[in-house]
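Hello,

Here is the structure I promised to pass on. Please have a look, then read my notes below.

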Amino acid sequence: MNNFAQRITRTRPAATFAMAARARALREAGQSVISLAIGEPDLPTPDHVIEAAHAAAQAGQTKYPPVTGTPALRAAVARKFARDQGLGVAPEDVLIGNGGKQIIFDAVMALIEAGDEVIIPTPCWAGYLQVVDFAGGVPIFVPCPAASGFQLDANALAAAITPRSKLLLLNFPNNPSGAVANIDMLHDIAAILRKAPHVRVIADDIYEHLVFEGAYHALAAIAPDLADRIVTLSGVSKSYAMTGWRLGFATGPRDWLRAMALVQGTATAGVSTISQAAAIAALDGPQDLLAERRAIYRRRRDLVVTGLAGATGVDCPVPQGAFYAFPAITGWLGRRSAAGRLLVNDDDVAEALLDEALVATVPGSAFGMTGHIRLSTATADAVLEEACQRIVAFSASLSDEAQ
Ligand SMILES: Cc1ncc(COP(=O)(O)O)c(C=O)c1O
């Protein structure tokens, strides 16, 4: 019997996790698979953060929290938004969620009804496609091709807006392209939004501390007159290597935050008190580790871009931020792998790379841009070097002969 809600038939599991699961299965079967499928820092959660969590548990911070977050963490996040985003917000204007992912779910579910249009510049994080489908929204894609540095073209954005547009999903630094919004582009986006007062924005700034080229700017700080339509979100997962603690946060207009809290309170009784205590230590503690870790990710980015330069048919733009590489592999399409597989599209490429080169990547199709694959660079240098060597060897083994 299949009498599940329609939203279930519309919803698909995240391709990134599916690929990681396949890599894990191959590894358990004894293959030496390198998984670059998931965007997860290999670096540890800082010791002082773990100690703060331990102390909180021992001090009895083990009861239900308020749905919107503990007052102490909301105050720490308000300080953080002032420090890093230049946004002056009160603790009451902060919502704590189970990761940036829940914040996005809250914001979309609070706003989007069946048929509402959601503008998504692509490539985009696969999670956006999931949640918009789940809500019954209609994704309107605005391609940001590699040839334009994956930057969002203002004219293309303006052309995508219709009377049914309700939401624009922005993500800089971008997963998977690494694009960082330059300030002119943010001003252009703001100008377009001023002419479209019916469009709200989620500014997903989860990679805010991972900018290698250019500088990070928060849209709501650049365009304070639009702040009543912008939810700015970030979290501790990527910056402080705390993916498993499940903690994200947002600020934005009170009406939207209140609606988001309602969604969140329907789904969960708030966020783990232990994780909230840990997040306070991360946000209020020493921030030097952000620059130290940024330098590590930058070195790894360079290592992968250099390593892939030796692979024929691959064009790897230099990511400006985040911890992914998003090379074009169009030079491989139409060719055959050593095992005889015809590479018709990026899905075939990711399959062949996993099965034959034992490197797990994610096809660009999962991020709304075919012809690319995504590699996470958040792993040890030696592992990345080995992965690049395998990819170079794979590229050298492709043949043109029909079989
Ligand atoms: C662009 C983007 N937004 C949000 C998230 C969610 O992060 P988390 O739920 O771990 O805070 C991710 C994670 O991969 C991401 O890449």
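**Strand β6 and its neighbours**

In β6, Arg200, Ile202 and Asp204 point one way, Val201 and Ala203 point the other way, and all are buried. "Buried" means that 20 or more other C-beta atoms, placed from the backbone, lie within 10 Å of the residue's own. Strand β6 covers residues 200-204, and 5 of its 5 residues are buried. In a regular strand, the side chains alternate between the two faces of the sheet.

Before going on, note that this is a predicted model: local features need pLDDT of at least 70, side-chain atom pairs count only at pLDDT 80 or more, and totals for chains, interfaces and linings use all residues. Residues are numbered from 1 along each chain as its sequence is written. Helices (H or I, at least four residues) and strands (E, at least two) are DSSP runs, numbered from the N terminus.

**The sheet**

Strand β6 belongs to an open sheet of 7 strands, with mixed pairing. The order is β2-β8-β7-β6-β5-β3-β4. Strands pair here if DSSP finds at least two bridges between them. β2 (94-97) and β4 (138-143) stand at the edges. Each has a single partner strand, so one side of each lacks a neighbour in the sheet. From one strand to the next, the twist averages 20°.

β5 and β6 run parallel, joined by 5 bridges. Leu170 has Ala203 in β6 as its bridge partner. β3 (residues 117-122) and β5 (residues 165-171) also run parallel, with 3 bridges. There, Ile119 stands opposite Leu168 in β5.

**Two helices**

Helix α4 (residues 71-85) packs on the sheet. α4 touches β2, β7 (230-235) and β8 (248-251) (contact: C-beta atoms, placed from the backbone, within 7 Å). Its direction makes about 110° with that of β2 (axes are lines fitted to C-alpha atoms, for helices over the stretch in contact; angles run from 0 to 180 degrees between N-to-C directions).

Helix α11 (residues 273-284) is largely enclosed by the rest of the structure, because 10 of its 12 residues are buried. Those buried residues pack against α3 (47-58), α4 and β2. Among them are Thr273, Gln276, Ile280 and Leu283.

**The ligand**

Which residues come nearest to the ligand? Of the 13 around it, they are Gly99, Gly100, Lys101, Trp125 and Ser237 (near: C-beta atom, placed from the backbone, within 6 Å). Helix α5 (residues 99-111) gives the most to this shell, with 3 residues.

Best wishes
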